[in-house]
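Let us read a protein model together, one feature at a time. Have the sequence and the 3D view open as we go.

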Amino acid sequence: MTDYNRVVCRGPEEWKVEEIEVDPPQASEVRIKMLYASICHTDFLISEGFPLPLYPRILGHEGIGVVESVGEKVAELKEGDLVMPCYVAECGECENCTSGVTNMCLTHPFTFSGLMPDGTSRLHLPAAGRAGGGASHRQPLYHLLSCSTWSEYAVSDANFVIKLQDFQPDLPQLSLASFLSCGFSTGFGAAQVEARVEKGSSVAVLGLGAVGLGAVEGAKVQGAATIIGVDKNEMKREKGKAFGMTHFINPDHSPDRSISDLIKDLTDGLGVDYCIECTGVAPLITEALDSTKVGKGKVIMVGAGHTSFSVNSVSLLAGRTLKGTIFGGIKPRFHLPLLLDRCKSKEIPLDKLLTHEIQLGDITKAIEMVHSQDCVKILIRI
Ligand SMILES: [Zn+2]
Ligand SMILES: [Zn+2]
């Protein structure tokens, strides 16, 4: 199959809409006709070469689509099913899936390899000058995580695909559900699943993009009494409030004080019970630790972008915990249907995340859009 509308990343932030070839699904795979996709900060990070500079590749890891064809061993999905491709799977049986403490399935592991589980790709650039040229002339393209959603068609291992049960294709919430594929769910899960925020507790969230706003929502749902949002963008003050934030800190307004001190000012000098770090700015890890209570504070590291960073050991030795997470600990088969229900009932105001919409063919405009002050989520119509 030749796909005329794919976004190929050929180098750091070098995006092009090109014609590529999309192979049929193999035995345990499905091919998905994408309807909507969206942009997550991780797309930019990976486009810049994090954690591995794998080029050329097809971008995108958030989206919603319809199953176009299935491999012969796929039992749970069929042609026409409305689905969400994910980058975390859940076998439900391995040591990790049954542990109750992690979403890192061992049977179908999360990977940055950019290839299908069998180590190959379903996406290729056609042989130069001859679309549909023989297989031996084609150049393989890397997938992005297990997805590559910025495209007319995607191929995923069926274990990484969630069926959207009882969803009406014509509801506006369907397009917004794309935001649950990564960013918002990651933040929500970081608060609910990883931090396990308790009723009456205090939470700080560093960075109020879609991930941070998800963390604010997760903390609110868990019953946190104090939810402090921190962001240099003043426009996030109102956004944060819409999701349940109780206090806002703009660090630029207090350049002589550290973020951790500003958070302590709002918590009787003690700090918060939980801090969720969503910026991926390395020096903020120690600030996040110092913003939590001595002896029991817990930091969930969500933000990616640093392959290594240093931490003040004294901050950790003082009884605090630093925990990293992929997808906020969300188990796709268990947690996503619950979040999708909240999306359907408008319990989660996903519409407040939407700030820009584009057609896939105009995707390169997103590189500038994402830097505008009011940008939270860009929806891609395919
Ligand atoms: Zn498993
Ligand atoms: Zn993401």
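What follows is a conversation between a learner and a teacher about this predicted model.

Q: Where should I begin: how many helices and strands are there in the protein?

A: A count of elements is a good start. Here the protein has 10 helices and 18 strands. Its radius of gyration is 21 Å, close to the 21 Å that the globule rule gives for 382 residues, so the protein is as compact as a globular protein of that length. Along the principal axes, the C-alpha trace spans about 70 × 40 × 40 Å.

Q: What share of the residues is buried?

A: To judge burial, look at how many C-beta atoms surround each residue; 20 or more others within 10 Å make a residue buried. In this protein, buried residues make up 49% of the 382. Contacts add to that picture: of those with a separation of 6 or more, 69% are between residues 24 or more positions apart.

Q: Into which domains is the protein divided?

A: Check whether a domain is made of one stretch of chain or of several pieces. Domain 1 covers 5-181 + 349-381, and domain 2 covers 187-326. Their centres, taken over C-alpha atoms, are separated by 29 Å. Where they touch, 16 residues of domain 1 are in contact with 12 residues of domain 2. Helix H1 (residues 41-47) gives the largest share of the domain 1 side, with three residues.

Q: What does UniProt list for residues 210-331?

A: Record entries are worth laying over the model. An unreviewed UniProt entry lists this span as "domain: Alcohol dehydrogenase-like C-terminal". In the model the span is 32% helix and 16% strand, and its end C-alpha atoms lie 19 Å apart.

Q: How do I read a sheet, and in what order do the strands of the open one run?

A: Follow the pairing from one edge to the other. Five strands form this open sheet, in the order S4-S1-S2-S7-S8, and their pairing is antiparallel. Its edge strands, S4 (57-58) and S8 (139-140), each pair on one side only. As a close-up, S1 (residues 2-11) is joined to S4 by two bridges, and valine 8 stands opposite isoleucine 58 in S4.

Q: What about S14: in which sense does it pair with S11?

A: Compare the running directions of the two strands. S11 and S14 pair in the parallel sense over four bridges. S14 is also joined to strand S15 (residues 298-301) by four bridges, again running parallel. Cysteine 275 is a handy marker: it is the bridge partner of alanine 204 and also of valine 299 in S15. As for the side chains, Tyr274 and Ile276 point one way from S14 while Cys275 and Glu277 point the other way, and all are buried.

Q: Is H4 mostly covered or uncovered, and why does its span agree with expectation?

A: For the span, work from the rise per residue. At 1.5 Å a residue, the 12 residues of helix H4 (residues 210-221) should span 16 Å, and the end C-alpha atoms are 16 Å apart, which agrees. H4 is mostly covered, with 10 of its 12 residues buried. Among them are Val211, Leu213, Val216 and Glu217. The buried residues pack against several elements, including helix H3 (183-194), strand S12 (226-230) and strand S18 (377-381). Just after H4, glycine 223 takes a positive phi of about 95 degrees.

Q: Which peptide bonds are cis?

A: Look at omega along the backbone. The bond from phenylalanine 50 to proline 51 is cis, with omega near -15 degrees. Another cis bond joins tyrosine 55 and proline 56, with omega about -15 degrees. Proline 51 is found in the loop between H1 and S4, and proline 56 lies in that loop too.

Q: Where are leucine 145 and aspartate 268 found?

A: Here phi is the angle to check. Leucine 145 has a positive phi of about 50 degrees although it is not a glycine; it is found in the loop between S8 and strand S9 (153-157). Aspartate 268, also not a glycine, has a phi near 55 degrees and is found in the loop between helix H6 (259-265) and S14.

Q: Are these two residues buried or exposed?

A: Count neighbours once more. Leucine 145 has 25 C-beta neighbours inside 10 Å, so it counts as buried. Aspartate 268 has 8 inside 10 Å and therefore counts as exposed.

Key. Residues are numbered from 1 along each chain as its sequence is written. Chains are lettered from A and ligands numbered from 1 in the order in which they are written. This is a predicted model: local features need pLDDT of at least 70, side-chain atom pairs count only at pLDDT 80 or more; totals for chains, interfaces and linings use all residues. Two strands pair if DSSP finds at least two bridges between them. UniProt positions are given in the numbering used here, feature names are shortened, and annotations may be inferred rather than shown by experiment. The radius of gyration is taken over C-alpha atoms; the globule rule is 2.2 Å times the number of residues to the power 0.38. Two residues are in contact if their C-beta atoms, placed from the backbone, lie within 7 Å. The expected span of a helix is 1.5 Å times one less than its number of residues. Domain bounds come from an automatic or database domain assignment.
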